[in-house]
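Thank you all for making time this morning. I would like to walk you through one protein, going from the overall layout down to a single residue.

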Amino acid sequence: MFCPKCGAILRPKEKGTKRILYCTCGFTKEPKEEAGTELKETVQSNKKIEVIEQVEIHPKVRARCEKCQNTIAYFWTQQTRGADEPETRFFKCTKCSHTWREYS
Ligand SMILES: [Zn+2]
Ligand SMILES: [Zn+2]
């Protein structure tokens, strides 16, 4: 599961009796009840991914943040699901964490 806002990997989190998925950008997703058995698998695999994500550091590039006018942002790319779609470039401001995407 990926965040639709910034493209990062969603992380599982306990919220009361429910399990929700959340992202560091503030996005949260509550999975549907019927996905009960699938959810367990998702949570397990997400835990593995979470460890990888902690050591992952995106390179910094020159890019202007439209929110705070900072000129340095973290940069990464991600292939969207459709094979015919171009690679999407992601930028995350190093100052205010504003994340945006750019289509090539
Ligand atoms: Zn996000
Ligand atoms: Zn910014």
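I will begin with the fold as a whole, then turn to one sheet, and finish with one position in a loop.

Please keep in mind throughout that this is a predicted model. The protein has one helix and seven strands, and if we read from the N terminus, the elements come in the order β-β-β-α-β-β-β-β. Of the 104 residues in the protein, 11% are buried. As for the contacts between residues at least 6 apart in sequence, 29% of them join residues that are at least 24 apart.

Let me now turn to the sheet. Strands in a sheet are held in register through backbone hydrogen bonds, and the pairing can be parallel or antiparallel. Here we have an open sheet of three strands, ordered S1-S2-S3, and the pairing is antiparallel. Its edge strands are S1, covering 11-15, and S3, covering 28-29, each of which pairs on one side only. Strand S2, residues 18-22, runs antiparallel to S3 and is joined to S3 by two bridges; if you would like a specific pair to look for on the screen, Leu21 has Lys29 in S3 as its bridge partner.

Finally, I would like to look at Pro59, which sits in the loop between helix H1 (36-55) and strand S4 (60-62). Is Pro59 buried or exposed? Pro59 counts as exposed, because it has 8 C-beta neighbours inside 10 Å, and the cut-off for exposed is 12 or fewer. Pro59 also lies 5.6 Å from Tyr74, C-alpha to C-alpha, although 15 residues separate the two in sequence.

Methods
Residues are numbered from 1 along each chain as its sequence is written. Chains are lettered from A and ligands numbered from 1 in the order in which they are written. This is a predicted model: local features need pLDDT of at least 70, side-chain atom pairs count only at pLDDT 80 or more; totals for chains, interfaces and linings use all residues. Helices (H or I, at least four residues) and strands (E, at least two) are DSSP runs, numbered from the N terminus. A residue is buried if 20 or more other C-beta atoms lie within 10 Å of its own, exposed if 12 or fewer, and partly exposed in between; C-beta atoms are placed from the backbone. Two residues are in contact if their C-beta atoms, placed from the backbone, lie within 7 Å. Two strands pair if DSSP finds at least two bridges between them.
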